[in-house]
Amino acid sequence: MVDVFSSLPSIGRKTAQRLTYFLLRQNEDFFNKFASSLIDLKKNVLFCSVCFNYTEGDPCPICSSAKRNKRLICVVEEPNDVMAIEKTSEYFGLYHVLHGVISPLEGVQANDLKIRELIARLGDVDEVIVAVNPSVEGEVTSQYLAKLIKPLDVKVTRIARGLPIGTDLEFADEATISRAIEGRVEM
Ligand SMILES: [Zn+2]
């Protein structure tokens, strides 16, 4: 169990041990709930075939909501980022999850990301907001997307630099994310 916990992101050996001892102190009910949640997670959670966010139903609740502005798409790196932006309650467009950024050093090419799927969605879209993280790879990916999307007569904007370089969206507070979206600039 300690080995399993240690293999999770940002969990060290010590925390893994603490979690294991915590589990040992729990009752049968807790164990049943914990185990069935784990099994359901793999069984019931899939990718939305439109935006590629995690979902239990396809298309996801955001893509199928009548309340969202379908002419606006916010492009993010990971599903976590959707959650971070949703927390602001100030963005009402749709999303598109790339599942990474272009990174020649790590061998990630444009074709490895959900970029083709993004382009295929742009028929009735007015604006694409690029909200990838402010890293070198994020910058390269943004420029690549702008070059691809602008000729399709779709406005491409980049969220403002309220986010310090190297800060992931998922770690930024809601006010900072809201300001960054509001202050987006055309590419
Ligand atoms: Zn979706």
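**Entry 1: the sheet**

I began with the strand order and found an open sheet of five strands, arranged E4-E3-E5-E6-E7 with mixed pairing. E4 and E7 stand at the edges with a single partner strand each, so one side of each is left without a neighbour in the sheet. I note here that the model is a predicted one.

**Entry 2: the pairings within the sheet**

I next went through the pairs of strands. E3 and E5 are parallel and share four bridges. In this pair, Leu 72 stands opposite Glu 127 of E5. I then followed E5 to its other partner: strand E5, residues 127-130, runs parallel to strand E6, residues 155-158, and four bridges join them. Glu 127 appears again here, with Lys 155 as its bridge partner in E6. I therefore record Glu 127 twice, once for its place opposite Leu 72 and once for its bridge to Lys 155, as the strand order E4-E3-E5-E6-E7 puts E5 between E3 and E6.

Which way does E7 run relative to E6, parallel or antiparallel? I found the two strands antiparallel, with two bridges joining E6 to E7, which spans residues 185-186. In this pair I looked up Thr 157, whose bridge partner in E7 is Glu 186.

**Entry 3: the helices on the sheet**

I turned to the helices. H4 lies across E3 and E4, and its direction is at about 160° to E4. H6 also packs on the sheet, where it touches E3, E5 and E6. The direction of H6 makes about 165° with that of E6. I then checked the connection made through this helix: E5, helix H6 (residues 136-149) and E6 form a β-α-β unit, and the unit is right-handed.

**Entry 4: the zinc site**

Which protein atoms serve as donors to the zinc ion? I listed the SG atoms of Cys 48, Cys 51, Cys 60 and Cys 63, lying 2.3 Å from the ion. Along the chain, these donors follow the spacing C-x2-C-x8-C-x2-C.

I then looked at the geometry. The angles subtended by the four donor atoms run from 106 to 115°, which makes the arrangement tetrahedral. For reference, the ideal angle for four tetrahedral donors is 109.5 degrees.

I also looked up the accessibility of two of the donor residues. Cys 48 has a relative accessible area of 0% and is therefore buried. Cys 51 is at 2% relative accessibility, so Cys 51 counts as buried; the cut-off for that term is under 20%.

**Entry 5: a cis peptide bond**

Where in the chain is the cis peptide bond that I noted? The bond leads from Asp 58 to Pro 59, and its omega is near -5°. Pro 59 is placed in the loop between strand E2 (54-55) and strand E3 (69-76).

**Entry 6: two serines with positive phi**

I closed with backbone angles. Ser 10 has phi near 55°, a positive value in a residue other than glycine. Ser 10 belongs to the loop between helix H1 (2-6) and helix H2 (13-24). With a relative accessible area of 82%, Ser 10 is exposed.

Ser 89 likewise has a positive phi, near 55°, and is a residue other than glycine. I located Ser 89 in the loop that lies between helix H4 (79-86) and strand E4 (93-97). Is Ser 89 buried or exposed? Its relative accessibility is 51%, so Ser 89 counts as exposed, the cut-off for that term being over 50%.

Notes:
Residues are numbered from 1 along each chain as its sequence is written. This is a predicted model: local features need pLDDT of at least 70, side-chain atom pairs count only at pLDDT 80 or more; totals for chains, interfaces and linings use all residues. Side-chain values use heavy atoms; hydrogens and water are left out. Donors are N, O and S atoms within 2.8 Å of the metal (3.2 Å for Na, K and Ca); water is not among the atoms, so sites may look incomplete. Four donors count as tetrahedral if all angles lie between 85 and 135 degrees; four count as square planar and six as octahedral if opposite donors are over 155 degrees apart and all others between 65 and 115; anything else is irregular. Buried means under 20% relative accessible area, exposed over 50%, partly exposed in between (1.4 Å probe, protein chains only). Two strands pair if DSSP finds at least two bridges between them. A crossover is right-handed if, with the strands pointing away from the viewer, the path from the first strand over the helix to the second runs clockwise. Contact means heavy atoms within 4.5 Å. Axes are lines fitted to C-alpha atoms, for helices over the stretch in contact, and angles run from 0 to 180 degrees between N-to-C directions.
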